[in-house]
Amino acid sequence: AVVSTQSTGEIEHGGQNRFLCSICVGCLHNYSARIECRYCGGEWTNGKLYQLGTLYSFDIFAAYPCCKKRSQCTNCKDNVLEGCDQPTSYSWFAQPVSCGSCGDVDYHFSKPHLSTFRITDEQHQ
């Protein structure tokens, strides 16, 4: 399971409310399906970096923004990575970050997974 700010299974972790996301092993490792960014069409191939059976306390999908659209401020739409402190860890992307342009503090990188990614079944293509 993956902890995210965008899901339906809510838990408390480290004194904060978090949301659980799950992904099948076949999709995570690109065995049975391909996960693609809806904005740029890039393939999400980072699932092999994660150990199965481990609970990550950050959104693994947010940790790898592949295009400018995935790095947009939720308020002004400017690139949040420009003019802000550079990420120090993967979990940085799953935390509230201040936009360098408008100052809006939000979970800019954690976007709803269904509107950010599409899953294609490679076995039937």
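Select W44 first: in this predicted model, its relative accessibility is 3%, and because buried means under 20% relative accessible area, W44 counts as buried. With W44 still highlighted, widen the view to aromatic rings in general, of which a search of the whole structure finds 5 pairs. One of these is formed by W44 and F61, whose rings lie 4.5 Å centre to centre with 40 degrees between the planes, a tilted arrangement. Both residues belong to the loop between β4 (34-37) and β5 (97-98), and since they are 17 residues apart in sequence, the pair ties together separate parts of that loop.

Now centre the view on F61, which is also buried, with a relative accessible area of 8%. From F61, turn to the ring of F117: the two centres are 5.1 Å apart and the planes stand at 50 degrees, so this pair too is tilted. If you colour by secondary structure, you can follow how the contact links distant parts of the chain, with F61 in the loop between β4 and β5 and F117 in strand β7 (residues 117-120), 56 residues apart.

Select F117 next, and ask whether this residue is buried or exposed. With a relative accessible area of 7%, F117 is buried.

To finish, show the side chains of W44, F61 and F117 together, as these residues form one aromatic cluster, in which F61 pairs with W44 and also with F117.

Notes:
Residues are numbered from 1 along each chain as its sequence is written. This is a predicted model: local features need pLDDT of at least 70, side-chain atom pairs count only at pLDDT 80 or more; totals for chains, interfaces and linings use all residues. Side-chain values use heavy atoms; hydrogens and water are left out. Rings of Phe, Tyr and Trp (its six-membered ring) pair if their centres lie within 6.5 Å; planes under 30 degrees apart count as stacked, over 60 as edge-to-face and the rest as tilted. Helices (H or I, at least four residues) and strands (E, at least two) are DSSP runs, numbered from the N terminus. Buried means under 20% relative accessible area, exposed over 50%, partly exposed in between (1.4 Å probe, protein chains only).
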